[in-house]
Amino acid sequence: LLNSERKCRHADPSGNSYWKKWSRFATYVGQHPFLHNLQGTDQHLERSNMFMAFAWSLRNGQLYKSSGASATTIEATLRECAGIMVAREFADPRRHHPAQHQLDSRFRQQFKQWKDHDPAPQPEHALPNSTVQLLARCYSAFPKISFRIIADLVVVAYFFLLRVCEYTKSSRTTRTVPLRRQDI
């Protein structure tokens, strides 16, 4: 079941943006994207070096229009490309043996080093309660009951998605400002 699911997910890699980058890189260095001629067990190091060179080109910004890709993006790119290869029964360049659960240590160490150097992720701002108030006010003014139901559902969904500390008072000091009755 897992193997058929993997094959279905990677059925046509031509639309996959990660695979397009890998294919462009492989072609540039004179290799077939599936590394046809590097499938022997004794050629693992060459497969691995190809993928590592690809990772470095991503990191240095040669394939992205920026200063370089984050460790998370590189890891996802290599995972997706390796998944496409494995789905077609080619070797995963990130692993020495097909049954190996973890990535080779050089990939794990490199990803960790890059993650340590990447800036901390910026938290996203939550939906402000003024937006919910506006939706509720506008929709509840409509004569059709379906619009009033939508207004009620928006308010319920908003509270459902909040953490408890965001709508209750806490005895400890937090950066989160709890909602007040007047905010609703």
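Let us begin with a salt bridge: the side chains of Glu75 and Lys115 meet at 2.7 Å, taken from N to O. This pair links distant parts of the chain, since Glu75 sits in helix α4, Lys115 sits in helix α5, and their positions lie 40 residues apart in the numbering. Please keep in mind that the model is a predicted one. As for Lys115, its relative accessible area is 41%, so the residue is classed as partly exposed.

How many salt bridges are there altogether? The count comes to five. Another of them joins Lys112 to Asp116, with the closest N and O atoms 2.9 Å apart. Both of these residues belong to helix α5, and they are four residues apart, which is about one turn of the helix. Asp116 has a relative accessible area of 51%, and it is therefore counted as exposed. Salt bridges with shared partners also join Asp92, Arg94 and Arg95 into one network. Within that network, the side chains of Asp92 and Arg94 meet at 2.8 Å, again from N to O. Is this pair buried or exposed? Asp92 is buried, and Arg94 is buried as well.

I now turn to the chain as a whole. It contains seven helices and zero strands. Of its 184 residues, 33% are buried. Among contacts with a separation of 6 or more, 53% are between residues 24 or more positions apart. The chain exposes about 12,800 Å², and carbon and sulfur atoms supply 57% of that area.

Helix α4 deserves a slower look. This helix has 17 residues and reaches 24 Å from its first C-alpha to its last, close to the 24 Å expected at 1.5 Å a residue. Why may we call α4 largely enclosed by the rest of the structure? Twelve of its 17 residues are buried, and that is why the description holds. The buried residues include Ile74, Leu78, Cys81, Ile84 and Met85. Take Ile84 as one example: its relative accessibility is 1%, and because the cut-off for buried is under 20%, Ile84 counts as buried. The C-alpha atom of Ile84 is separated by 7.0 Å from that of Pro13, although these residues are 71 apart along the chain. Just after α4, Glu89 takes a positive phi of about 65°.

Helix α4 also leads us to the largest nonpolar core. This core has 26 residues, and the members that touch the most other members are Trp22, Phe51, Ile74, Leu78 and Met85. The elements giving two or more residues to the core are α2, α3, α4 and α5. Which of the elements gives the most? It is α4, with seven residues. If we leave aside residues up to four places away in sequence, Trp22 touches Pro33, Leu35, Met50, Phe51, Phe54, Cys81 and Met85. Two of these names, Cys81 and Met85, appeared a moment ago among the buried residues of α4.

Finally, let us consider the surface. Ile145, Ile149 and Leu153 make a nonpolar surface patch of about 300 Å². Ile145 is located in helix α7, which covers residues 145–161. Is Ile145 buried or exposed? Its relative accessibility is 55%, and since the cut-off for exposed is over 50%, Ile145 counts as exposed. An isoleucine may thus be found in either setting here: Ile84 is buried, whereas Ile145 is exposed.

Conventions. Residues numbered from 1 in each chain as written. Predicted model: local features only at pLDDT ≥ 70, side-chain atom pairs only at ≥ 80, totals over all residues. Heavy atoms only, no water. Buried < 20%, exposed > 50% of the residue type's maximum accessible area, 1.4 Å probe, protein only. Contact = heavy atoms within 4.5 Å. Areas by Shrake-Rupley, 256 points an atom, 1.4 Å probe, with all protein chains shown as cover. Core = buried A, V, L, I, M, F, W, Y, C linked by side-chain atoms within 4.5 Å. Patch = residues over 30% accessible without salt bridge, like charges linked within 9 Å, V, L, I, M, F, W, Y side chains within 5 Å. Salt bridge = Lys/Arg side-chain N within 4 Å of Asp/Glu carboxyl O. Expected span 1.5 Å × (residues − 1).
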